[in-house]
Amino acid sequence: MRGFLIALTFLTRLPLPSPEVEVTSEEFAGSYRYYPLVGLVIGFFLWLIAKGLYHYFPPLVLGSMLLVGELVLTGGLHLDGFMDSMDGLLSARSPERILEIMKDSRVGAHASMALVGLLLLKFSLLASLTPSKYPLLLIMPMFSRWVFQIGVIAFPYARPQGLGKGFHEATQWLTLLISGGFVCLISYLLTGIAGLVSFFICVAAVILWAHRVTSLLGGLTGDLYGSIIELSEVLFLFFAFPFLH
């Protein structure tokens with residue numbers, strides 16, 4: 001329960017009581033096991049918004065409310081990593097310079113363009129959801145907070161130190177596979193073949209993208225972990241749509 005509370009406090013902006021005992025670095029890194037469950041909590045809030053407001057607002061307004069709702073729930077935590085990653089990767093510089101750019105807190109043109117593109121596509125997908133497709137809202141954040149762990153465990157960490165290094169050292173294959181089995185099962189039970197197909201396509205896409213970035217930079221970073229979470233949410237919705245009938 002303590003690990004779940006640590007994960008929930010880190011990944012969301014829900015008004016939760018602080019742990020009574022100071023969180024150690026080992027506890028913080030080990031809380032990754034509960035990330036998919038936290039994603040399910042986030043998805044449940046999004047599902048409530050959609051179900052409760054569907055009859056009162058047009059699709060475009062509801063889509064924007066879902067997008068803003070997730071940003072409020074998460075505080076845009078992973079968007080920061082996505083923007084830093086895009087600033088570096090789209091700069092076409094040397095690997096060393098890319099890592100320096102990603103560490104820079106300033107937002108560049110590449111980050112701004114990538115952010116607009118990501119949010120525009122995500123908004124379009126959310127605005128296109130109908131009540132029969134609302135289960136995707138439950139799966140999307142849960143899946144993304146599981147699939148990024150593939151990048152954490154299967155690929156080296158690019159920096160000698162950093163927030164993501166603790167996750168890289170703590171993540172275990174057995175935990176990843178067991179939690180992945182549950183996420184896959186829930187995806188199938190809630191959305192049928194659409195969830196199953198999207199699950200495996202997105203897993204393959206994350207592996208290929210992580211491999212490409214690793215070949216360039218020598219590994220992944222905490223910012224890249226965040227970018228995987230953001231990209232996989234959009235990809236999961238994108239690939240599920242053609243199979244939902």
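**View 1. Helices α3 and α4 run roughly antiparallel to each other.** In this predicted model, where residues are numbered from 1 along each chain as its sequence is written, local features need pLDDT of at least 70, side-chain atom pairs count only at pLDDT 80 or more, and totals for chains, interfaces and linings use all residues. Side-chain values use heavy atoms, with hydrogens and water left out.

Helix α3 covers residues 35-53 and helix α4 covers residues 59-74; they pack at an angle of about 150°, with their axes 10 Å apart. (Angles under 35 degrees count as roughly parallel, over 145 as roughly antiparallel, 65 to 115 as roughly perpendicular and the rest as oblique; axes are lines fitted to C-alpha atoms, for helices over the stretch in contact, and angles run from 0 to 180 degrees between N-to-C directions.) Helices are DSSP runs (H or I, at least four residues) and strands are too (E, at least two), numbered from the N terminus. The crossing of α3 and α4 is right-handed (the near helix is turned clockwise from the far one by less than a right angle; anticlockwise would be left-handed).

On the α3 side, the contact is made by I42, F45, L46, I49, A50 and L53, and on the α4 side by L62, M65, L66, G69, E70, L73 and T74. Contact here means heavy atoms within 4.5 Å. Sorted by class, this α3 and α4 contact has 10 nonpolar, 2 polar and 1 charged residues (Ala, Val, Leu, Ile, Met, Phe, Trp, Tyr, Cys and Pro count as nonpolar, Asp, Glu, Lys and Arg as charged, and the others, Gly among them, as polar).

**View 2. Helices α8 and α10 pack at about 155°.** Take α8 (residues 135-154) and α10 (residues 173-191): their axes are 10 Å apart. That angle makes α8 roughly antiparallel to α10. α8 passes α10 in a left-handed crossing. Among the α8 residues making the contact are L138, M142, F143 and W146, while α10 brings residues including W173, L176, G180 and V183. By class, the contact of α8 with α10 has 15 nonpolar, 5 polar and no charged residues.

**View 3. E233 is buried in the model.** This glutamate sits in helix α12, residues 222-240. Its relative accessible area is 1% (buried means under 20%, exposed over 50%, partly exposed in between, with a 1.4 Å probe and protein chains only). Leaving aside neighbours within four places in sequence, E233 is in contact with E70, K122, M140, P141, S144 and R145.

**View 4. Y188 is a partly exposed residue of helix α10.** The relative accessible area of Y188 is 43%. Not counting residues up to four places away in sequence, Y188 touches I193 and L196. From Y188 to L177 is 11 residues in sequence and 16 Å in space, C-alpha to C-alpha.

**View 5. A92 sits in the loop between α5 and α6.** With a relative accessible area of 71%, A92 is exposed. Most residues other than glycine have a negative phi. A92, though not a glycine, has a positive phi of about 60°.

**View 6. Two of the spans that UniProt lists as "transmembrane region" are shown here.** The unreviewed entry places this feature at several stretches, including residues 57-79 and 107-129. Residues 57-79 are 83% helix and 0% strand, with end C-alpha atoms 27 Å apart. For residues 107-129, the end C-alpha atoms are 32 Å apart, and the span is 83% helix and 0% strand.

Notes. UniProt positions renumbered as here; feature names shortened; annotations may be inferred.
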